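Let's take a walk through this structure together, going from helices to sheets to charged pairs. Have the model open and follow along.

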Amino acid sequence: MFSLKSLSHHMPSVARLVFVGAIGIGVSACSEEKAEVKQVIRPVKVVEIAKAGDTRKLDYSGSVKARTEMNLGFRVAGKITERLVDIGDRVTPGDVLARVDATDYQLAVRTAEANLASAERGVETADLANKRAEQLFDKSVAPKSQLEQASLSHDQAMSQRDAALSALDQAKNQVSYTELKAGQNGIVTSINADTGQVVGSGTAVVTVAVDGEKEVQIAVPENDIAEFKPGKTVKTSFWADSKLVLDGKVREVSGSADQQSRTFAVRVSLPNDPQVLLGMTATIEADVSNGNSYVSIPLSALAEKDGKQMVWTVDRDTATVHGRDIKVADFTSDGVHVTEGLDTGDLVVAAGTQFMTENLKVKVPDQQSALADTDQTVR
């Protein structure tokens, strides 16, 4: 048995050329066959554009608050000597929350009491003088002017006594104001001053959330604030309990935007439910009219080319992809809202957009079986 090398030595030169050419043709044919085997059709995941809905959903998060929160402070200034509540404590009307030093106010009470006693003695003295003047006038011993003067002195003493009595009541009130008391049933939500701190009259010391109606406050941007009107019914869900869903109503809409966030504060009242606790995270969901006819696509379907947002659509007849520019309205938790560039029934590549090229042959899910034989033939 001869090898190719030995065989070539025994062949004439012309025969060797023919033999080498035949080998080259065979190698070329193998290369072409190998290249043909490598040709594949890429499978893709697609979504079909549905008809735009008549409504769209707006979702905003907030926290549960009491409808009424009271910032309680002393009606007199002083140094806090005692704080009797902590955050989370329940309070009822008349409960003492804190105290300030009452020494100076108690001294004022003693002074007012002494002034009242002095005024009462003055009234007694003026009363005796007035009676004596009346007796002398009746006996024609004293002139009428003396009687009138005695009567005026008596009236003045009475007025001074009334003023002293009012000053005593005011001093006693000041002493009572050194105790900070709860006015309604509620729960303490914050402590703003503590023992040893000197506070002024009216300075907030304790914040109490009043029992009763609860609500959720959300911040709404100006482009959606027109959709929230007082009385509008919205759906409220809670992060702590996904099964708890309540129907709330918009109670109040801020008349102006916040200067920093440029959003409007909206308060949504909630029905009374013991499962709803203050501070819980809540999501307000509102259905609004879809006047702009948005269509939605997954975020993974969005691509970018030359600084423009676009998607890859699939031609059903040729099973090839083509780039198409779109106009995005906004981004939501459900995907991307598109206002221009897509029509109902379009097939959009939903994943792997970075691998797409113009006129790329793809395998669409509903054409898997039809293209399987073609793919096998090419291989």
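A crossing is called left-handed if the near helix is turned anticlockwise from the far one by less than a right angle, and right-handed if clockwise. Helices (H or I, at least four residues) and strands (E, at least two) are DSSP runs, numbered from the N terminus. Before going further, keep in mind that this is a predicted model: local features need pLDDT of at least 70, side-chain atom pairs count only at pLDDT 80 or more, and totals for chains, interfaces and linings use all residues. Residues are numbered from 1 along each chain as its sequence is written, and side-chain values use heavy atoms, with hydrogens and water left out.

Start with the helices. Helix 3 (residues 103-138) packs against helix 4 (residues 144-176) at an angle of about 165°, and their axes are 7 Å apart. That angle makes helix 3 roughly antiparallel to helix 4. Here the axes are lines fitted to C-alpha atoms, for helices over the stretch in contact, and angles run from 0 to 180 degrees between N-to-C directions; angles under 35 degrees count as roughly parallel, over 145 as roughly antiparallel, 65 to 115 as roughly perpendicular and the rest as oblique. As for handedness, helix 3 passes helix 4 in a left-handed crossing. What sort of residues make up the contact of helix 3 with helix 4? They divide into 21 nonpolar, 10 polar and seven charged, where Ala, Val, Leu, Ile, Met, Phe, Trp, Tyr, Cys and Pro count as nonpolar, Asp, Glu, Lys and Arg as charged, and the others, Gly among them, as polar.

Now for the sheets. Strands of a sheet pair through backbone hydrogen bonds, either parallel or antiparallel; for our purposes, two strands pair if DSSP finds at least two bridges between them. One open sheet has four strands in the order 8-7-5-10, with antiparallel pairing. Its edges are strand 8 (179-181) and strand 10 (198-199), each of which pairs on one side only. Further in, strand 5 (residues 78-83) and strand 7 (residues 96-100) run antiparallel and are joined by three bridges; look for Ile80, whose bridge partner in strand 7 is Val100.

Another open sheet of four strands runs in the order 4-11-9-6, again with antiparallel pairing. Strand 4 (69-73) and strand 6 are the edge strands here, each pairing on one side only. Strand 9 (residues 186-191) pairs with strand 11 in the antiparallel sense over five bridges, and Gly186 has Val210 as its bridge partner in strand 11. Over in strand 4 you'll find Leu72. Is that residue buried or exposed? Leu72 is buried, at 14% relative accessible area (buried means under 20%, exposed over 50%, partly exposed in between, with a 1.4 Å probe and protein chains only). Leu72 and Leu97 sit 25 residues apart in sequence, and their C-alpha atoms are 9.4 Å apart in space.

Further along the chain, strand 13 (residues 233-238) and strand 14 (residues 241-253) form a hairpin with two residues between them. The two strands pair in the antiparallel sense over six bridges, with Gly248 in strand 14 as the bridge partner of Val234. Strand 14 also pairs with strand 15 (residues 263-270), antiparallel over four bridges, and there Glu252 stands opposite Arg267.

On to the charges. Side chains of opposite charge can pair when their charged atoms come close. Taking a salt bridge as a side-chain nitrogen of Lys or Arg within 4 Å of a carboxyl oxygen of Asp or Glu, a search of the whole structure turns up 15 of them. One is Arg90 with Asp211, whose closest N and O atoms are 2.3 Å apart. Arg90 lies in strand 6 (residues 90-91) and Asp211 in the loop between strand 11 (204-210) and strand 12 (214-221), so this pair ties together parts that are 121 residues apart in sequence. Arg90 is exposed at 53%, while Asp211 is partly exposed at 38%.

Arg121 and Glu124 give a more local example: their closest N and O atoms are 3.0 Å apart, and being three residues apart in helix 3 puts about one helical turn between them.
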